[in-house]
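Keep the sequence and the coordinates open side by side. The text below walks through strands, helices, charged pairs, backbone angles and a pocket.

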Amino acid sequence: MIKIAIVEDHHLVRHGFIETFKKIEDVRVVYDTDDGNSLFDYLKNYPIDLLILDLQMNKMGGLEICKHIKLHFQKIKILVLTQLISELSVSNLIKAGANGYCSKLINSSEIEIAIRKIMDNQTYFDSSTRAILPELLEYKSIIKPSTLNQFKLTDREIDIIRLISQQKDNQYIAKILNISPRTVENHRRRIIQKTNQKNITDVVTLTLKNRIIKLEEL
């Protein structure tokens, strides 16, 4: 069972999310609030797996909440669902450690896809977010400066990064490359260590900026 908490300061929107999640198998909303501090108090006693997070809120902004969660509750995944789709907001949330970023306009089927991928240690960006990634990569520096050659990535590792950038899960990658899912996960950890990035999202961004994978492959 995937335990979800929602932080959203519009009651009707929050209620809509709750109703949507009721229709998704193995997903349960265990807490919802309009205030980050209330969430932090809840998390001191009750664990969750995934946080659904808005950005623009009156009491505490989504970026501040994301940073706090990743500092104090590192195991919690974060999916941002917002009306604000901009280079700056996406860049800031990626830096803060968000695992996914989507518009509130996506349908329930895509929300479920996003949840499944994120809980499988992947990232998820909807089409509106992916559309600004070329500009984000060109004008914003959201990764550590470096050259790819120093990382000495193998062809197999680059293949895995390319498949991850296409939002393929470990099972799919394992089947395509004729290896076990556990081997894929080991490769993911090794790639993050080699590139000295915080997470696999930063790795994908790094390889895009260095033109190892193409933007149209996203």
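Begin in the middle of the chain, with a charged residue on a helix. At 30% relative accessibility, Glu112 counts as partly exposed. The model is predicted, so every value here describes that prediction. Glu112 makes a salt bridge to Arg116, and the closest N and O atoms are 3.3 Å apart. Arg116, at 31% relative accessibility, is likewise classed as partly exposed. Both residues sit in helix H5, which spans residues 108-119. They are four residues apart, about one turn of the helix. The geometry behind this is general: an α-helix has 3.6 residues a turn, so residues three or four places apart point the same way.

Helix H8, residues 155-165, offers a second case. Here Asp159 and Arg162 are three residues apart, again about one turn of the helix. Their closest N and O atoms are 3.3 Å apart, and the two form a salt bridge. Asp159 is partly exposed at 29% relative accessibility. Arg162 is also partly exposed, with a relative accessible area of 23%. Elsewhere, salt bridges that share partners tie Glu8, Asp54 and Lys104 into one network.

How many salt bridges does the structure hold? The count is 11. One of them joins Asp32 and Arg14, with the closest N and O atoms 2.8 Å apart. This pair links distant parts of the chain. Asp32 lies in strand E2 and Arg14 in helix H1, 18 residues apart. Are the two partners buried or exposed? Arg14 is buried, with a relative accessible area of 13%. The cut-off for buried is under 20%, so Arg14 meets it. Asp32 is partly exposed, at 32%.

That salt bridge leads to the strands. E1 covers residues 2-7 and E2 covers residues 27-33. The two pair in the parallel sense over six bridges. Between them the chain passes through helix H1, residues 11-22, and this β-α-β crossover is right-handed. To place the register, find Ile4, which stands opposite Val29 in E2. Further along, Val7 stands opposite Thr33 in E2.

E1 also pairs with strand E3, residues 50-53. Those two run parallel and are joined by four bridges. Ile4 serves as a marker here as well, standing opposite Leu50 in E3. What does this mean for the surroundings of E1? Five of its six residues are buried, so E1 is largely enclosed by the rest of the structure.

Helix H4, residues 87-96, also has buried positions. Ser89, Val90, Ser91, Leu93, Ile94 and Ala96 are buried there. Just after H4, Gly97 takes a positive phi of about 110 degrees.

Positive phi also turns up in residues that are not glycine. Most residues other than glycine have a negative phi. Asn121 departs from that pattern, with phi near 65 degrees. Asn121 lies in the loop between H5 and strand E6, residues 124-125. At 38% relative accessibility, Asn121 is partly exposed. Asn178 has a positive phi too, of about 60 degrees, although it is not a glycine. Asn178 sits in the loop between helix H9, residues 170-177, and H10. Is Asn178 buried or exposed? Asn178 is exposed, with a relative accessible area of 70%.

The walk ends at the largest pocket. About 410 Å³ of space lies within it. Its lining has 19 residues. Lying nearest the centre are Lys77, Asn99, Lys198, Asn199 and Ile200. Helix H10, residues 181-195, and helix H11, residues 200-209, each supply at least two residues of the lining. Which element gives the most? That is H10, with four residues. By character, the lining of the largest pocket divides into five nonpolar, eight polar and six charged residues.

Note on methods. Residues numbered from 1 in each chain as written. Predicted model: local features only at pLDDT ≥ 70, side-chain atom pairs only at ≥ 80, totals over all residues. Heavy atoms only, no water. 1 Å grid on protein atoms, 1.4 Å probe; cavity = no way out; pocket = protein on both sides within 12 Å on 5 of 7 lines; lining within 4 Å. Points joined across faces, edges and corners; volume = space filled by probe spheres on them. Nonpolar A, V, L, I, M, F, W, Y, C, P; charged D, E, K, R; others polar. Pairing = 2+ DSSP bridges. Right-handed = clockwise from strand over helix to strand, strands pointing away. Salt bridge = Lys/Arg side-chain N within 4 Å of Asp/Glu carboxyl O. Buried < 20%, exposed > 50% of the residue type's maximum accessible area, 1.4 Å probe, protein only.
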